[in-house]
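Grab your viewer and work through these short exercises. Each one sets a task and then walks through a solution.

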Amino acid sequence: MTTAAAAFEQAFAAHQQGRLDAAAAGYEAVIGLEPGHGEALHMLGVVRMQQGDPVEGARLIGQAVRLRPDDARARSNLASTRVAASRFDEAIEVARRATELAPASVDAWGNLGTALSRRDRYPEAIEPFRRALALQPGRAGLHSGLGHALGMVGRYEEALESHRKAIELAPGKAGYRNNMALTLRSAGLTAEAEAMLRAIVEDGNTDPDYFAALASLLRKQGKIVEAISAMEQANASAMNPELAGRLAFLRNYVDSTTIESQLEQARQHAQAATAGIQRLAAADADRDPSRRLRVGLVSSDLRQHAVALFLLGVL
């Protein structure tokens, strides 16, 4: 009869080989044999994260932490799930505890820096990134994270040095070059930023964020036609309401834009915005006239409303 320990070893070996389905099945078998096996729950949660299911990953890793509250590695990974869910305050708390439990953990310090950055607490994020890099200076992602934090507090020279190091360690990682381009833009080095963003998209990278970043930079320079071209490519790569709205906004600057074309753009925007919406049956609402009325706002443009976009030039 297979023991939980033997089953875990087999599952972990499959995980290390990148065979995620086999690893998940193996970890589930371990949990079936020993429901309170904290490490199996932890690693199954990691697999689910890697398979693109952050909700299930967070649930499983959370169970593991409750069973083994002093497991720094599980806490560090739990912090990652909280960042993925945009629960940054929780991520900071969990990651900070992980660094207390394991001060020599590169991942714990890196996750703390990431969580602080995502919470816009950039001055505080710098030290955790530096602590992580002191432990493992060859991690490109940590250099990029440090560069972003430094850039956001206006320490551009140091930021660009960190970005260059990240690119040196991982020259094929477009995201690190994009991060450097954003810092160059913030530092007022517009030509250098534009050249780097153009190089990224010319290398065949199809992530719409890169085209959108290039379009935004070109718009700031008054290169509207080029900005529209870049945004059209972004929108073609990932049709979504935000990109469609930005594209419609840019086209308003072109004299040849007609009322008819604007209406067609609006229709495309609406189709993109409603594509994933399911119609719900009417709820059995309480019709008591003395009941407090609750009003909700639903908008595909929430946080990217057209009014805000038109005010960009004066903000």
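## Around helix α9

We're working with a predicted model here. To get oriented, look just past α9: the helix is followed by Gly154, which has a positive phi, near 85°.

**Exercise 1.** Work out how the end-to-end reach of α9 compares with the expected value.

*Solution.*
- Step 1: take the limits of α9, which are residues 140-152, giving 13 residues.
- Step 2: the expected span is 1.5 Å times one less than the number of residues, so for α9 the target is 18 Å.
- Step 3: go from the first C-alpha of α9 to the last, and you get 19 Å, close to that expectation.

**Exercise 2.** Decide whether α9 is mostly covered or mostly open, and find what covers its buried residues.

*Solution.*
- Step 1: apply the cut-off, where buried means under 20% relative accessible area.
- Step 2: count the hits; 10 of the 13 residues in α9 are buried, so the helix is mostly covered by this cut-off.
- Step 3: put names to them. The buried residues of α9 include Leu142, His143, Leu146 and Leu150, along with the glycines Gly145, Gly147 and Gly151. Ala140, Ser144 and Ala149 are buried too.
- Step 4: look for the cover. It includes α7 (106-118) and α8 (122-135), as well as α10 (156-169) and α11 (174-186).

## Salt bridges

**Exercise 3.** Find how many salt bridges a search of the whole structure turns up, then check the pair Arg68 and Asp71.

*Solution.*
- Step 1: the search gives 19 salt bridges.
- Step 2: for Arg68 and Asp71, the closest N and O atoms are 2.7 Å apart. The cut-off is 4 Å, so this pair passes.
- Step 3: check the surroundings of each partner. Arg68 is partly exposed at 33% relative accessible area, whereas Asp71 is buried at 14%.

**Exercise 4.** Classify the exposure of both partners in the Glu90 and Arg87 bridge, and do likewise for Arg121 and Glu124.

*Solution.*
- Step 1: Glu90 and Arg87 meet at 2.8 Å, N to O.
- Step 2: Glu90 has a relative accessible area of 33%, making it partly exposed; Arg87, at 38%, is also partly exposed.
- Step 3: Arg121 and Glu124 pair up at 2.8 Å, N to O.
- Step 4: Arg121 comes in at 28%, partly exposed, and Glu124 at 39% is partly exposed as well.
- Step 5: finish with the network, where salt bridges with shared partners join Glu39, Arg68, Asp71 and Arg73.

Technical notes: Residues numbered from 1 in each chain as written. Predicted model: local features only at pLDDT ≥ 70, side-chain atom pairs only at ≥ 80, totals over all residues. Heavy atoms only, no water. Salt bridge = Lys/Arg side-chain N within 4 Å of Asp/Glu carboxyl O. Buried < 20%, exposed > 50% of the residue type's maximum accessible area, 1.4 Å probe, protein only. Helix = DSSP H or I, 4+ residues; strand = E, 2+ residues; numbered from the N terminus. Contact = heavy atoms within 4.5 Å.
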